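User: I am new to this structure and would love a guided close look at one part of it. Could you pick up the disulfides, and then show me some of what else is worth seeing around the chain?

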Amino acid sequence: MLRRSTLRRLCVAGVAALLAPLVATGPSAAGRSAPVQAAPDRVEAAAVPPLDQLTVSTTQVAFGLQRPTAIFAPDDGSGRLLITEKQGTIRVYRPDTGLATEPLLDIRDRVDTSGNERGLLGVVTSPNFTQTRTLYVTYTALPEGTVTLSRFTLDTAGQTPIPAAREQVLLTQPHVEFSNHNGGNVTFGPDGYLYWSIGDGGGADDVLNSGQNLGTLLGKILRLDVSRSCNGRNYCVPADNPFVSTAGARPEIWAYGLRNPWKFSHDLRGDGSLWIADVGQGTFEEIDHVPGNQGGANFGWSCREGPQIFNPDRCKAGATYIEPVHSYRTSFDGCAIIGGFVYRGRVYADIAGGTYLATDYCSGTAFVVRPPASPGGAYATRALTELTIQPTSLGQDANGELYLVNDLPGQLHRISFGTTAPPSTCAISYRVDQQWGTGFTATVVVTNTGTAPINGWTVGWSFAATQRADTFWNATGSQQGAVVTARNADWNPNIPPGGSAEFGFLASNTGPNPAPTSFTLNGKPCR
């Protein structure tokens, strides 16, 4: 659940904004979920194509969902996806049998769905689920929309249905003033701890002054050790949480300065870093990226929104704010960012490996981001095609392949990647100047249509008939079979942007003389 209750936001087909989308570590206690390790079969692409050659598309694989809000794949070998529905149910999708009719879990009797952004918001299972057999959910609870984290302990990993009476509430945050900005994403990090996002409490303009206030859980990402109980709580606070020793601060806080972090993820099969998509107020949607071990990061709200100052009165002298790695204009390029994942699957590893994919509830645009190759470099970002209408959540299966659900259509889509041919930076014209019974002469003009100079050129083509190039001028050339290669002469190796080089040749031919259908320049296709 993402949006505030304002009409300034862009919306698709007149539909209202979307459902909106722990803490002493020290020695590891018995029963604690083991840290999440990188998959042993992880595939890293040595050199993926640039983002301007990447394409992304969706294929619908299921329908009939009731306002889906989250997707999660347990690590139990089942191949299934768990999909939460706003009303308070979890549905199961299996690639071989489709979407199950009966819910895996039904807690509609305790979920507050009043307001567009309340409901069942997140789901995750504990690592090593076949042994730990624990499922965690986040939702807004009746009667006042209290944001709630709870768990269900199963008899077996495959238990169906899960008895609703098994619920054990771990932590709650009052959220009575407004129905929007509940956050609600929940996941386990590479350290084995549970991370949970909560929005700033709703309304507009951070009216509760939550973003920079360490005394509240609103506007934060929390980090909890849910394998143990401490001081009468059903969780413990890891000893290395950043504000454990800060007077007046909630020790559960891991990161702050967030408006509505509806979706975030760790790159579990990669470097473990944390990617956060924070829904903006009215100017910018933003994507943030920090190392997975960087506790205490301040993302700026409500001093900042995206890359700009939002409310200077909320800015603190000497504070360090994390700059977004990508932002886009609200109401121009979308209305509510839907965070996703770094692609680490096998199917598209050679073209999309290491690429972070996000989208937007209103525009459906696919936003892709790649970190710099070396520290301090620039992130590569690009807006691609529209994926589908009203996307609410991205998810990944147990193999790292990506999926998407959308809101009122209630559909599940599988995501695919592809590539386009690299853009041409050259143009070649070919003309026959003279032709007679046993031969012809021709002229070739090479034009640099790119922005960088060409320093040394080799042109190649294949003849479609029996032509044989014998003598070249303004170039050195040769022919092997039907393939002709012409290289620059000593006096014309350089072609500036917009410039051209011209050469000619004499060739023999005793039959038809069709022109070549394609050319290459330095091994790359030319127009």
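Analyst: Here is a walk through the disulfides, followed by some strands, salt bridges and a surface patch.

Please keep in mind that this is a predicted model.

Let's begin with the cysteines. A disulfide is a covalent bond between the sulfur atoms of two cysteines. The count for this structure comes to four disulfides. If you number the bonded cysteines of the protein in sequence order, they pair as 1-2, 3-4, 5-6, 7-8.

One of the disulfides joins Cys230 to Cys236, with an S to S distance of 1.9 Å. The link of Cys230 and Cys236 is right-handed, with 85° about the S-S bond. How accessible are the two ends? Cys230 counts as buried at 17% relative accessibility, because the cut-off for buried is under 20%. Cys236 is buried as well, at 0% relative accessibility.

Another disulfide is formed by Cys303 and Cys315, whose sulfur atoms are 2.0 Å apart. The torsion about the S-S bond of Cys303 and Cys315 is about 85°, so this disulfide is right-handed. Cys303 sits in the loop between strand 18 (297-298) and strand 19 (304-305), while Cys315 sits in the loop between strand 20 (308-309) and strand 21 (326-329), so the pair ties together parts that are twelve residues apart in sequence. The two ends fall into separate classes: Cys303 is buried, with a relative accessible area of 0%, whereas Cys315 counts as partly exposed at 26% relative accessibility.

Next come Cys335 and Cys362, which form a disulfide with sulfur atoms 2.1 Å apart. The torsion about the S-S bond of Cys335 and Cys362 is about 75°, so the disulfide is right-handed. This pair links distant parts of the chain, 27 residues apart: Cys335 is in the loop between strand 21 and strand 22 (337-342), and Cys362 is in the loop between strand 23 (356-360) and strand 24 (365-370). Both Cys335 and Cys362 are buried.

Now let's move to the strands. Strand 3 (residues 81-85) has five of its five residues buried, so it is largely enclosed by the rest of the structure. In a regular strand the side chains alternate between the two faces of the sheet. In strand 3, Leu81, Ile83 and Glu85 point one way, Leu82 and Thr84 point the other way, and all are buried.

Strand 3 has partners to look at too. Strand 2 (residues 68-72) runs antiparallel to strand 3 and is joined to it by four bridges, and Phe72 has Leu82 in strand 3 as its bridge partner. Strand 3 also pairs in the antiparallel sense with strand 4 (residues 89-94), over five bridges. Here Leu82 appears again, with Val92 in strand 4 as its bridge partner. Strand 3 and strand 4 form a hairpin with three residues between them, and Gly88 in the turn has a positive phi of about 120°.

Further along, four strands form an open sheet in the order 7-8-9-10, with antiparallel pairing. Strand 7 (120-125) and strand 10 are the edge strands, each pairing on one side only. From one strand to the next, the twist averages 15°. Within this sheet, strand 7 and strand 8 (residues 134-141) pair over five bridges, and Leu120 has Tyr139 in strand 8 as its bridge partner.

What about charged side chains? The structure holds 16 salt bridges. Among them is the one between Asp76 and Arg80, where the closest N and O atoms are 2.9 Å apart. Asp76 is buried, with a relative accessible area of 18%, and Arg80 is buried too, at 4% relative accessibility. Asp155 and Arg166 also meet in a salt bridge, at 3.0 Å from N to O. Asp155 and Arg166 lie in the loop between strand 9 (146-153) and strand 10 (168-173), eleven residues apart. Asp155 is partly exposed, with a relative accessible area of 47%, and Arg166 is partly exposed at 33%. In addition, Asp109, Arg110 and Glu167 are linked in a network of salt bridges.

Finally, the surface. Trp436, Trp473 and Leu506 make a nonpolar surface patch of about 290 Å². Trp436 belongs to strand 29 (residues 426-436) and is partly exposed, with a relative accessible area of 40%.

Conventions: Residues are numbered from 1 along each chain as its sequence is written. This is a predicted model: local features need pLDDT of at least 70, side-chain atom pairs count only at pLDDT 80 or more; totals for chains, interfaces and linings use all residues. Side-chain values use heavy atoms; hydrogens and water are left out. Patches are made of residues with over 30% relative accessible area and no salt bridge: like charges are joined within 9 Å, nonpolar side chains (Val, Leu, Ile, Met, Phe, Trp, Tyr) within 5 Å. Accessible areas come from the Shrake-Rupley method with a 1.4 Å probe; for residues, only the protein chains shown count as cover. A salt bridge is a side-chain nitrogen of Lys or Arg within 4 Å of a carboxyl oxygen of Asp or Glu. Helices (H or I, at least four residues) and strands (E, at least two) are DSSP runs, numbered from the N terminus. Buried means under 20% relative accessible area, exposed over 50%, partly exposed in between (1.4 Å probe, protein chains only). Two strands pair if DSSP finds at least two bridges between them. Axes are lines fitted to C-alpha atoms, for helices over the stretch in contact, and angles run from 0 to 180 degrees between N-to-C directions. A disulfide is a pair of cysteine sulfur atoms within 2.5 Å.
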